[in-house]
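Me: Hi, I have a new structure to look through and would like to talk it over with you. Could you start with a term I will need, and then walk me through the chain?

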Amino acid sequence: PMSRGNMIIIGADPGLKGAIAYLNTADKSLSIFDMPTFKVPRGNKTKGIVNVQELNVILSAHKSLDIWMKQGFIERVGAMPGQGVTSMFSFGYSAGVLEMGFAANLIPYHFVEPRAWKKFLKLPGKAAGGDDAARAMASRLFPKEASQFARPCYSGRADAALIAYYGMMCQKDV
């Protein structure tokens, strides 16, 4: 049972390689879910898309909690230099589906700029090894979950966990 001072903070890293992290502020326990995806044929290629039904199942996990006992933080995404049109569309679509999932499940949410949460946590940018630094920091902050961040392909998990941590630390300011 949640007391008045306890909350579930949800950090979300949009994108097909992103993740959703649930952080319980009472005991600092963390649950992480990779962004659920499908591979679907498009022409003579296969493309990844978000599995919206499974995303809804993930986001409805704490539906029974009072609306004020949970808070979401979604990384605000935008086009990146050198990113192709198709991948920009896919990234934006994933972010929109995620936002709709928060709204449909009555999860109050805020957008957070990548530079804001990374600066707060003193993480370097991607070019300076930011992905590895984020995985290392997530492992230090959540040692019981360190295996969730062990491989380079788990940077989305680390980002989601750190966005949730940022949300918890900034909760009094939102």
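Reply: A residue counts as buried under 20% relative accessible area and as exposed over 50%, with partly exposed in between. Please keep in mind that this is a predicted model.

Me: Okay, so where does Phe111 fall, with its relative accessible area of 32%?

Reply: Phe111 has a relative accessible area of 32%, and because that value lies between 20% and 50%, the residue is partly exposed.

Me: And which aromatic pair does Phe111 form with Tyr109, stacked or edge-to-face?

Reply: The pair of Tyr109 and Phe111 is edge-to-face, with 5.7 Å centre to centre and 85 degrees between the planes. Tyr109 is likewise partly exposed, at 27% relative accessibility, and ring pairs link Phe102, Tyr109 and Phe111 into a cluster.

Me: How many aromatic pairs are there in the structure?

Reply: The structure holds 5 aromatic pairs, and one of them is the edge-to-face pair of Tyr109 and Phe111 that we have just discussed.

Me: What about Phe142 and Tyr165, why is that pair called edge-to-face?

Reply: Their planes stand at 85 degrees, with the ring centres 6.3 Å apart, so the pair of Phe142 and Tyr165 is edge-to-face. This pair links distant parts of the chain, since Phe142 lies in the loop between helix H4 (130-141) and helix H5 (155-169), while Tyr165 lies in helix H5, 23 residues apart.

Me: Are those two buried or exposed?

Reply: Both Phe142 and Tyr165 are buried.

Me: Switching topic, what is the overall layout, and how many helices and strands are there?

Reply: The chain has 5 helices and 7 strands, and along the sequence they follow the pattern β-β-β-β-β-α-β-α-β-α-α-α. Of the 174 residues in the chain, 44% are buried.

Me: Which strands does S6 pair with?

Reply: Strand S1 (residues 8-13) is joined to S6 by 5 bridges, and the two run parallel, with Ile9 standing opposite Gln71 in S6. S6 also pairs with strand S7 (residues 109-112) in the parallel sense, over 4 bridges, and there Ile74 stands opposite Phe111 in S7.

Me: So how covered is S6 itself?

Reply: Strand S6, which spans residues 70-75, is mostly covered, as 6 of its 6 residues are buried. Lys70, Gly72 and Ile74 point one way from S6, whereas Gln71, Phe73 and Glu75 point the other way, and all are buried.

Me: Last one, what lies over the face of Tyr154?

Reply: Arg157 lies over the face of the Tyr154 ring, at 3.8 Å from the ring centre.

Methods:
Residues are numbered from 1 along each chain as its sequence is written. This is a predicted model: local features need pLDDT of at least 70, side-chain atom pairs count only at pLDDT 80 or more; totals for chains, interfaces and linings use all residues. Side-chain values use heavy atoms; hydrogens and water are left out. Buried means under 20% relative accessible area, exposed over 50%, partly exposed in between (1.4 Å probe, protein chains only). Rings of Phe, Tyr and Trp (its six-membered ring) pair if their centres lie within 6.5 Å; planes under 30 degrees apart count as stacked, over 60 as edge-to-face and the rest as tilted. A charge sits over a ring if NZ of Lys or CZ of Arg is within 6 Å of the ring centre and within 35 degrees of the ring normal. Two strands pair if DSSP finds at least two bridges between them.
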